[in-house]
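Work through these exercises with the structure open beside you. Try each task before you read its solution.

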Amino acid sequence: MDDKKPDYSYLMQGIQKIPTQSSVLVSSSKYLNDPRIRDWVSTHLLRRNGPDVPTPSDSIQLVQILREVQDIDHINDLIAAERLQNPELDAWFAERFVSDFSLEDLKAFGPDTVGGIFYTQLSNNALDVNIVPPFTPRNDFEYFQLRAGQTHDLEHILGGGGFDFIGELVPYYMRLTNLFVHMSPELAGELSAFSIFGSTRIITRAVLHYPQTWLITQNAMERGAKVGRESKPIYMMKFEDVFAMTLDDAREALGVYGVEMVDTGPASAQWN
């Protein structure tokens, strides 16, 4: 029996040990340097789903951490530079449209309309129209985040993402792709930090704990990316204007393309 260990020296070449006077972990990555990010990643990319920690709580924890880790002033500078190059984006930020519709307002729309579908989803699950409490944005970055929260559920509906854990990958990958199609890479990267962390927890859990759902999970990523790649800027869409339209008419009016409807509910149910 040959007990000789494999020689990995070829693959390990080039590694350099860099000395430091720091008494704590330090690297060139602000994300790696933050112990809260390290804990969030190790916990939520490796854990199973469970009723003791509902999955929506993963996201709000991540939002709160990223607000302190990311350089918001730098992101606002990137947005300002982007606005100079993109008149449509500049006008969107200048308008700062904020929706104020209520659940009762949605009740007036027919069941086959965007507004009616949204109403059914909210009322059947005792959900609020606002994922996070409304607030007055103090700068462009905060407005971008406010609007992203207001439109998230509508991106599920228009993009073909089910309201279940695997279905979340559709709007995640819609934005992860769409931002890079329509914005400079650096700005798109800063605005995608939440999406890449949030979506990756679903991907790793599928492979590690629910492998029987992996192909459905992967398909949700692919479907979201296709919509993001082919559609107009999703982050600027005023979904409120299409509440009275059918899904097909609304998608055509807004410029949402490449949608494929797949029911991910049964697969997601296996994660509970």
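**Exercise 1: Around Val259**

Val259 makes contact with Leu158, Gly159, Gly160, Val227 and Arg251, leaving aside residues up to four places away in sequence. The model is a predicted one.

Task: Find where Val259 lies, and decide whether Val259 is buried, partly exposed or exposed.

Solution.
1. Start with the position. Val259 sits in the loop between helix 14 and helix 15 (265-269).
2. Take one of the partners, Gly160. Val259 and Gly160 are 99 residues apart along the chain, and their C-alpha atoms are separated by 6.1 Å.
3. Now the surface. The relative accessible area of Val259 is 24%. Buried means under 20% and exposed means over 50%. Val259 is therefore partly exposed.

**Exercise 2: The chain as a whole**

Task: Describe the secondary structure, the extent and the contacts of the chain.

Solution.
1. Count the elements. The chain has 15 helices and 0 strands.
2. Read the extent. Along its principal axes, the C-alpha trace spans about 75 × 45 × 35 Å.
3. Look at burial. Of the 272 residues, 44% are buried.
4. Check the surface. Its accessible area is about 15000 Å², and carbon and sulfur atoms account for 56% of that.
5. Turn to contacts between residues at least 6 apart in sequence. Of these, 72% join residues at least 24 apart.
6. Finish with charge. There are 23 positive and 37 negative charges, and their mean positions are 6 Å apart.

**Exercise 3: A loop residue and its partners**

Task: Decide whether Gln70 is buried or exposed, and list what Gln70 touches.

Solution.
1. Locate the residue. Gln70 is in the loop between helix 4 (55-69) and helix 5 (72-85).
2. Use the cut-off. The relative accessibility of Gln70 is 7%, so Gln70 counts as buried.
3. List the contacts. Beyond residues up to four places away in sequence, Gln70 touches Lys30, Tyr31, Ile75, Glu190 and Ala193.

**Exercise 4: Aromatic pairs**

Task: How many aromatic pairs are there, and which parts of the chain do two of them link?

Solution.
1. Give the count. There are 14 aromatic pairs.
2. Take Tyr31 and Phe197. Their ring centres are 5.9 Å apart, with 65° between the planes, and the pair is edge-to-face.
3. Place both rings. Tyr31 is in helix 2 (residues 30-33) and Phe197 is in helix 12 (residues 193-209), 166 residues apart.
4. Compare their accessibility with the cut-off. Tyr31 has 22%, so Tyr31 is partly exposed. Phe197 has 17%, so Phe197 is buried.
5. Take Trp92 and Tyr235. This pair is edge-to-face, at 6.5 Å centre to centre and 75° between the planes.
6. Place these two. Trp92 belongs to helix 6 (residues 87-95), and Tyr235 to the loop between helix 13 (214-230) and helix 14 (247-254), so the pair ties together parts 143 residues apart in sequence. Trp92 and Tyr235 are both buried.
7. Widen the view. Ring pairs join Trp92 and Tyr235 with Phe93, Tyr143 and Phe144 in a cluster.

**Exercise 5: A backbone angle and a charge over a ring**

Task: What is the phi of Arg96, and over which ring does Lys238 lie?

Solution.
1. Recall the rule. Most residues other than glycine have a negative phi.
2. Read the angle. Arg96 is not a glycine, yet its phi is positive, at about 50°.
3. Place the residue. Arg96 is in the loop between helix 6 and helix 7 (103-106). Its relative accessible area is 30%, so Arg96 is partly exposed.
4. Move to the ring. Lys238 lies over the face of Phe97, 4.4 Å from the ring centre.

Technical notes: Residues are numbered from 1 along each chain as its sequence is written. This is a predicted model: local features need pLDDT of at least 70, side-chain atom pairs count only at pLDDT 80 or more; totals for chains, interfaces and linings use all residues. Side-chain values use heavy atoms; hydrogens and water are left out. Helices (H or I, at least four residues) and strands (E, at least two) are DSSP runs, numbered from the N terminus. Buried means under 20% relative accessible area, exposed over 50%, partly exposed in between (1.4 Å probe, protein chains only). Contact means heavy atoms within 4.5 Å. Accessible areas come from the Shrake-Rupley method with a 1.4 Å probe; for residues, only the protein chains shown count as cover. Lys and Arg count as positive and Asp and Glu as negative; His and the chain ends are not counted. The place of a charge is taken as NZ of Lys, CZ of Arg, CG of Asp or CD of Glu. Rings of Phe, Tyr and Trp (its six-membered ring) pair if their centres lie within 6.5 Å; planes under 30 degrees apart count as stacked, over 60 as edge-to-face and the rest as tilted. A charge sits over a ring if NZ of Lys or CZ of Arg is within 6 Å of the ring centre and within 35 degrees of the ring normal.
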